[in-house]
Amino acid sequence: MNFDWRKNIVYVVFIIIFAFFSILLFDKGFLTTTNILNIFRQTAMITIMGVGMTFVISTGQIDLSVGSITALSSITTAMVLRSNLGIILASVVGLGTGLLVGLANGLITTKFKIPPFLVTLGMMEVVRGLAMWITHNAPIPIINQKYNNLFGLGNIGGIPIIFIWTIFIVIIGYIVFNHTPLGVYVLATGGNEEAAKYSGINTSKIKLITFLISGVLAGFAGMLYAARMQAGRFTFGDGDELSVIAAVILGGTSLNGGKGTIIGTFVGSLIMGIINNGLIIAGLDVSQQMVVRGLVIVFAVAIGSKKD
């Protein structure tokens, strides 16, 4: 039986990188339970945004606004909690923030036929600017410990609640992507849009839905950021869009559309987390970490740009 290296490259890379850092940093505590749980905590938001991005990229589009959405969502959530309006309303507002930005991305892209790269690049600036504007660049503390424990700081049986939320989103994303008509339509739209149209698929509607999914999940990631850091901040998610895209492409989703994998995205985000964690423990400074992460992103895009 021949082993398909290209199809399984994310798992091969994961094993190689994990083994590399395990050997190199064994004496520095890389393999301790505490550090492994830290990796899961640090990759939670990237994974959740990555699930949404998998839908978007599988249709041949891209969403550069996810990092900014997390910032604005964390702030709107914190503002509701500060007004003592309750966790449920705060959650609705946080998710609604992502939904509205996703709706704007989807409508502008599909109605005006503007490339999603340009639309979401502009939206990234608009949303980040809004987050800075309404807070005057100041953080909004969250003193509601029930909220902080429910979405960021709590544990269930020793397992961080933030990891449980991540697994829940991955499972839901996997079911929708692999076992519902929406997943089929997403891949058909990304694989050959004209053929999909002739088959009766409303490709504009499918693209809009993927932006809505991406926006809502980015909003949820913002809620997790807020709970974990006990505040809403305009700086949350800054640069995360590149890590998310790299995780999705490393996971096996094609940058050209028509191919995607939720489990691959999960593993891809773990790879990014292991690299970040390993570089910090190894003592590399911020600039050196940026160089390595940049090379990983270039590697991921090179893989994802290849036609099957």
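Trainee: Which hand, left or right, does the crossing of H11 and H12 have?
Mentor: The model is predicted, so local features need pLDDT of at least 70 and side-chain atom pairs pLDDT 80 or more, whereas totals for chains, interfaces and linings use all residues. Residues are numbered from 1 along each chain as its sequence is written, and side-chain values use heavy atoms, without hydrogens and water. A crossing is left-handed if the near helix is turned anticlockwise from the far one by less than a right angle, and right-handed if clockwise. For H11 and H12 (DSSP runs of H or I, at least four residues, numbered from the N terminus), the crossing is right-handed.

Trainee: At what angle do H11 and H12 pack?
Mentor: Helix H11 covers residues 240-250 and helix H12 residues 262-282. Their axes, lines fitted to C-alpha atoms over the stretch in contact, lie 7 Å apart. The angle, on a scale from 0 to 180 degrees between N-to-C directions, is about 125°.

Trainee: Why is H11 called oblique to H12?
Mentor: Angles under 35 degrees count as roughly parallel, over 145 as roughly antiparallel, 65 to 115 as roughly perpendicular and the rest as oblique. The angle of H11 to H12 is about 125°. That value makes H11, relative to H12, oblique.

Trainee: How many charged residues are in the contact of H11 with H12?
Mentor: Contact means heavy atoms within 4.5 Å, and here Ser243, Ala246, Ala247, Val248 and Leu250 of H11 meet residues of H12 that include Gly264, Met272 and Ile271. Asp, Glu, Lys and Arg count as charged; Ala, Val, Leu, Ile, Met, Phe, Trp, Tyr, Cys and Pro are nonpolar and the others polar. The division is six nonpolar, five polar and, for charged residues, no members.

Trainee: How far apart are the axes of H2 and H12?
Mentor: H2 passes H12 in a right-handed crossing. The angle of about 140° makes H2 oblique to H12. The distance between their axes is 8 Å.

Trainee: How many polar residues does the contact of H2 with H12 have?
Mentor: Asn35, Gln42 and Thr54 of H2 are among its members, as are Thr265, Ser269 and Asn277 of H12. There are no charged residues, 10 nonpolar ones, and the polar ones number 10.

Note on methods:
Helices (H or I, at least four residues) and strands (E, at least two) are DSSP runs, numbered from the N terminus.
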